[in-house]
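Student: I should like to discuss this structure through a few precise questions. May we begin once it is displayed?

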Amino acid sequence: MNAGFSAKVPACVAETCYEHEGVIVPNIMPLRALKRLRNFAVRPDDLFVVTYPKSGTTWAEHLMMLIRFNGNLNKLEGKHVLKLIPFLEHVKDLANPSTSALQIDRAERLKSPRILKSHCHPPFLPLDISTDDPKAKVLYVARNPKDTAVSLYHFCHYVGPMPSYESWDVFFEEYLAGRTPQGSWFDNVLPWWRRRNHPNVLFLKYEDMIKDLPTAVRQIAHFMGKSLSDDVIKRISRASTFKAMKNNPSSNPDSIISPAISRGNNQSFMRKGIIGDWKNYFTADQNRKFDELYEKKMAGTGLVMQFEAKAPFIPSLY
Ligand code: A3P
């Protein structure tokens, strides 16, 4: 067994991550940040975006910023959406995690109303939003766990500070065991699904956002207490398609991921942005194993995720 881990993990994980309360956490989210996060002073007008990694977080952040700016795209020019929203458990300098300042420092100094981001499970989140009665608003975005796995696998190969698994098969076994960075998909998603009817919680699904982005924009705007015209909603939706965000240096994370961090290889953060890519990775046996776990974990929850694109994407909708 690797030192500091409760179960055997691949060498790439031991080199880049640590285990905290049973969850594998990358070193770029150090324990000193997790401790600060747990005791973070939540303000009632804070708006959190919480997700399991690779579930459309950046997409949601882009939408929230554009909604805050009332659809004025110029306000993002020269800025990057990921720089506007502190990633609470992250260091500032990814190349030097042990000595870097923390993004939570900036979050504490930020003027209200703040938009803040975290991938943490409820037991690591600020006390005031980690219960069934969150004291500030939380937008939670969930993506089906098979596409999420594929996206996370690629992300791990895209940025140096993440573990570079030797193969999809190795990654898959770790994901199945809930031992990839940030732990189990189920532990992250299900508590927020349970809270979905709380007035401070908006639970959205990535697949629904793909199917009908204007409706998602309307829902998020309403949640943020904004009343936007149909024209503004259309403008925000058009600026927030996968293609539009990939082409926009203010929303494509590639433009701020430094060469010291990126592993290059012509990869992109904005990879495919589709439903069903998992079919290109999961073998029949892996699919059967994952379905078994999925049935067990989801039993009785009422949460249904979409694993296949049912209708072609129609950009003319907006
Ligand atoms: P893929 O790797 O499957 O392409 P996160 O921001 O949580 O890390 O999620 C990243 C995933 O969301 C990536 O998935 C990325 O391409 C996808 N994504 C980002 N913006 C999107 C958009 N506007 N529409 C659809 N998918 C988007």
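Student: At what angle do helix H10 and helix H11 pack?

Tutor: The model is predicted, local features need pLDDT of at least 70, side-chain atom pairs count only at pLDDT 80 or more, and totals for chains, interfaces and linings use all residues. Residues are numbered from 1 along each chain as its sequence is written, and side-chain values use heavy atoms, with hydrogens and water left out. Helices are DSSP runs of H or I with at least four residues, strands are runs of E with at least two, and both are numbered from the N terminus. With axes fitted to C-alpha atoms over the stretch in contact, and angles running from 0 to 180 degrees between N-to-C directions, H10 (213–223) and H11 (230–238) have axes 9 Å apart and pack at about 115°.

Student: Which residues of H11 make the contact with H10?

Tutor: Contact means heavy atoms within 4.5 Å. From H10, the participants are Leu213, Pro214, Val217 and Arg218. Those of H11 are Asp230, Ile233, Ile236 and Ser237.

Student: How far from an oxygen atom of the ligand is the polar backbone atom of Gly273?

Tutor: A polar contact here is a pair of N or O atoms within 3.5 Å. An N or O atom in the side chain of Lys54 is 2.9 Å from a ligand oxygen, and a backbone N or O atom of Gly56 lies 3.1 Å from one. For the polar backbone atom of Gly273, the distance is 2.7 Å.

Student: Which helix supplies the largest share of the shell around the ligand?

Tutor: A residue is near the ligand if one of its heavy atoms lies within 4 Å of it. Helix H3 (57–68) and helix H12 (242–246) each supply at least two residues of the shell. The largest share, 3 residues, comes from H3.

Student: Which residue is joined to Ser112 by a cis peptide bond?

Tutor: Most peptide bonds are trans. In this bond, omega is about -5°. The partner lies in the loop between helix H5 (103–109) and strand S4 (115–118); the residue joined to Ser112 is Pro113.

Student: What is the phi of Asn70?

Tutor: Asn70 lies in the loop between H3 and helix H4 (81–84). Although Asn70 is not a glycine, its phi is positive, at about 55°.

Technical notes:
A polar contact is a pair of N or O atoms within 3.5 Å; within protein, one must be able to donate a hydrogen and the other to accept it, and residues adjacent in sequence count only if both atoms are side-chain atoms.
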